[in-house]
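Here is a short tour of one model, to read with the coordinates open beside you. Please take a look at the cysteines before anything else.

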Amino acid sequence: MNLTTPIQIVDYDDQSQHQLAVRKLIVHSFATKFEALVRLAPTEIVDLLGAIWIDQGNSPSGRQFIAMDGNQVVGVLCLKWCLKKPLQIKKDIHHIPLRKLCKQYGLRNVCMFMVGMIALEYKPSPHECYIEHLAVASSHRKRGIARQLLITAQQFANQHLHCKYISLHVSSSNTQAIRLYQQLNFRVESSHNSISRKFLFREPEWIFMMIPISNIQEAFQCLNNNPLD
């Protein structure tokens with residue numbers, strides 16, 4: 001980790017050399033959820049994610065931003081919004097080599113993985129931008145990277161979309177993330193128990209949080225001298 005190098009926030013390119021690094025970061029950051037879902041090694045989960053999941057870069061209904069420390073990917077945020085055609089986070093089943101994947105990783109693991117991806121899908125309402133995922137490398141936390149990614153998402157939403165607020169879901173057991181979002185003026189809108197997510201991820205209670213887009217910059221300015229993530 002280079003503390004002197006400024007962190008750069010850039011658009012994620014679907015065809016870039018950062019695809020593998022982004023998938024590794026996501027798998028590492030959400031390790032407990034993936035481990036509850038499938039009985040595979042982290043490297044196998046990364047490969048399976050690449051075979052099934054669509055890397056969201058620039059699309060009509062989503063944008064992904066990455067934080068770079070030199071040539072290293074150290075953070076990622078995926079933002080999506082409402083269109084008539086919902087954001088697709090899984091590949092068309094006809095384009096997935098199911099037979100090959102089942103032979104390589106096992107039928108149960110492949111089926112559970114696909115069901116888990118479907119269970120995590122969320123369709124934003126009109127005027128809503130939704131954070132699909134936000135992850136920061138453990139080696140780069142407490143440097144304000146999550147805040148930088150959120151500011152970038154807010155600026156993009158202000159300039160290019162007609163969204164009025166940004167929302168997200170977080171597990172009730174992830175107290176560190178909840179505390180961060182509350183410090184950034186996200187408010188809890190609701191909490192609910194999900195039988196399917198309890199079965200899949202061993203996480204029964206999920207919290208829905210949101211913040212008006214117009215309030216984000218002000219909230220971050222208040223925390224300017226106290227980087228948090």
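## Cysteines

This predicted model holds 0 disulfides. Why does cysteine 102 not bond to cysteine 111? The sulfur of cysteine 111 is the closest cysteine sulfur to that of cysteine 102, but the two lie 5.6 Å apart, so they are too far from each other for a bond; a disulfide would need the sulfur atoms within 2.5 Å.

Their surroundings are worth a look too. Cysteine 102 is partly exposed, at a relative accessible area of 22%. Cysteine 163 is buried, and its relative accessible area is 13%.

## The nonpolar core

Now turn to the interior. The largest nonpolar core has 65 residues, and Leu77, Phe113 and Phe186 are the ones that touch the most other members. Helix 6 (residues 145-160) gives the most to this core, with 7 residues.

Phe113 makes a good place to zoom in. Leaving aside residues up to four places away in sequence, phenylalanine 113 touches Phe34, Leu37, Val38, Ile45, Leu48, Leu49 and Ile52.

## Confidence

How far can you trust what you see? The chain averages a pLDDT of 84, and 83% of the residues score at least 70. Among the elements of the chain, strand 4 (residues 128-136) has the highest mean pLDDT, at 94, while helix 9 (residues 213-222) has the lowest, at 66.

Over residues 86-90 the pLDDT is below 50, yet in the model this stretch has 18 contacts beyond near neighbours in sequence. Where pLDDT is low, predicted coordinates should not be read in detail.

Methods. Residues are numbered from 1 along each chain as its sequence is written. This is a predicted model: local features need pLDDT of at least 70, side-chain atom pairs count only at pLDDT 80 or more; totals for chains, interfaces and linings use all residues. Side-chain values use heavy atoms; hydrogens and water are left out. pLDDT is the predictor's confidence in each residue, from 0 to 100. Helices (H or I, at least four residues) and strands (E, at least two) are DSSP runs, numbered from the N terminus. Contact means heavy atoms within 4.5 Å. Buried means under 20% relative accessible area, exposed over 50%, partly exposed in between (1.4 Å probe, protein chains only). A nonpolar core is a set of buried Ala, Val, Leu, Ile, Met, Phe, Trp, Tyr and Cys residues joined through side-chain atoms within 4.5 Å.
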